[in-house]
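Visitor: I am new to this structure, and I would like a close look at a single part of it. Could you take me through how its pieces sit together there?

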Amino acid sequence: MKKTQTDTSKASTRITSGTEPEKLCPICGGAGYLRRDVPPGDPDFGRAIPCQCKLEEISEKRLGDLQQASNLALLSGMTFESFRPDGVGLGPREQQNLKEAYLRAREFAENPQGWLILLGGYGCGKTHLAAAIANYCLGRGQPTLFIVVPDLLDHLRSTYSPESTINYDQRFEAVLAAPLLILDDLGTQHTTPWAREKLYQLFNYRYNAKLPTVITSNRSLEAIDPRLRSRMKDLDLCRIYRILARDFRDSGESDDVSSLPLYADKTFQSFQPRPELPREKQQNLKRVLATAKEYANNPQGWLVFVGPYGCGKTHLAAAVANYCINHGHPVVFKEVPDLLDHLRATYSPESQVTYDQLFEGVRNAPILILDDLGTESATDWAREKLYQIFNYRYAKKLPTVITMSTQVEEADPRLASRMLDLSLCTICAIRAPGYHGAQLATGSKRKSRKR
């Protein structure tokens, strides 16, 4: 093998093959390897060291191998052009939110810097936007790795197999140093200690190196490993955007926990004015009905209906929900005791949905209607779950409708304090007696008159 001396500032010798390509690396002359110019006895004496051009070639090959293992090829149709910024059947608020997410994703794709974190429920469009970023950047020749987090961990585990053609260090290094990394569905992986450690190493490396990264998750930040969350919440590096749109595959409601189909006939048109009531109570019902209609036209803040059983508060709450659904606003409607039962059921091994998925679907519902607050079993666990939902939606000022048969002041003090904030909450006290009880009383009077 012929050796020729290169620039002395490199303090190395290039290794050539005698026949060199037309375009030569100025350092190694196209050979790909160097030998350091060191005296005998030095550990690097006579050892071939990859040139920078060879390292780049190796890195690109490893990244290419991992790209083939990812599923971006299946998402080639997910582009900015195929994305619908107006969504499907969304209300004005959700449409504006989705448009902003679309614009932020496009801006990032034009100049990938820092971290972009897209949060939202299933089917809201976050994976489409992440894939659109990847496809756009690849189309411009920018090396990009798009991979679903559980798949990434599976690929890392597979390197331990005797049949693997690549070792763990090579594969992990390709992910760590990817020029642009897109991690889809963070939070859906099986959370073993090993998985948590690998993700922390990945996040920590890219955080310290400030490498462009996109992350999508259907979890709230609070539900993510604290070590990862601390990196994601650094607003000097990260931009977090929560997409409010419901699953585009759904036809109406934002979560299957909702029991609104049971109240499909409860509309404003079917609400009875109850002419048998005294004038004062009729006027009260008309005012409450007008308030409910006004809220349904512009769901903002909280609305609380208080009144005895059968007075019409559930009918009005369902009417609000049905009106919102018909006008493109996703709604979750649930009786409080049933909601808590559903949450408890997720602890069963047979459950098809995790606790976090269900809880986040309720807590982040664009419009949440909680019927019959106060009738639940008042265990410490139940009180804590309700407080978490109330406190989150209160802090975020998310539209919420609540019905209860007791006075607001009689509720758990932590819940009552949120509902009694009149800058956010409107309390409608229904003074009419229970509808069925009034019917029975009226019927008894009619029978006695006949006698």
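Guide: Happy to help; here is a walk through one sheet, followed by the helices to look at alongside.

Please keep in mind that this is a predicted model. Begin with the open sheet, which is built from five strands in the order S11-S12-S13-S10-S14, with parallel pairing. Strands of a sheet pair through backbone hydrogen bonds, and the pairing can be parallel or antiparallel. At the edges you will find S11 (332–335) and S14 (425–429); each has a single partner strand, so one side of each has no neighbour in the sheet. Going from one strand to the next, the twist averages 15 degrees.

Now follow S10 (residues 302–306), which pairs with S14 in the parallel sense over five bridges. Here Trp 302 stands opposite Cys 425 in S14. A helix packs on this sheet too: H12 (residues 380–396) touches S10, S12 (368–373) and S13 (400–404). The direction of H12 makes about 140 degrees with that of S12.

Next, turn to a pair of helices, H8 (residues 279–297) and H9 (residues 313–326). Their axes come within 9 Å and cross at roughly 25 degrees. An angle under 35 degrees counts as roughly parallel, and H8 and H9 are therefore roughly parallel to each other. The crossing in which H8 passes H9 is right-handed. On the H8 side, the contact is made by Val 288, Leu 289, Ala 292, Tyr 295, Ala 296 and Asn 297, and H9 contributes Leu 316, Val 320, Tyr 323 and Cys 324. Sorted by character, the residues of this contact are nine nonpolar, one polar and no charged.

Technical notes:
Residues are numbered from 1 along each chain as its sequence is written. This is a predicted model: local features need pLDDT of at least 70, side-chain atom pairs count only at pLDDT 80 or more; totals for chains, interfaces and linings use all residues. Side-chain values use heavy atoms; hydrogens and water are left out. Axes are lines fitted to C-alpha atoms, for helices over the stretch in contact, and angles run from 0 to 180 degrees between N-to-C directions. Helices (H or I, at least four residues) and strands (E, at least two) are DSSP runs, numbered from the N terminus. Angles under 35 degrees count as roughly parallel, over 145 as roughly antiparallel, 65 to 115 as roughly perpendicular and the rest as oblique. A crossing is left-handed if the near helix is turned anticlockwise from the far one by less than a right angle, and right-handed if clockwise. Contact means heavy atoms within 4.5 Å. Ala, Val, Leu, Ile, Met, Phe, Trp, Tyr, Cys and Pro count as nonpolar, Asp, Glu, Lys and Arg as charged, and the others, Gly among them, as polar. Two strands pair if DSSP finds at least two bridges between them.
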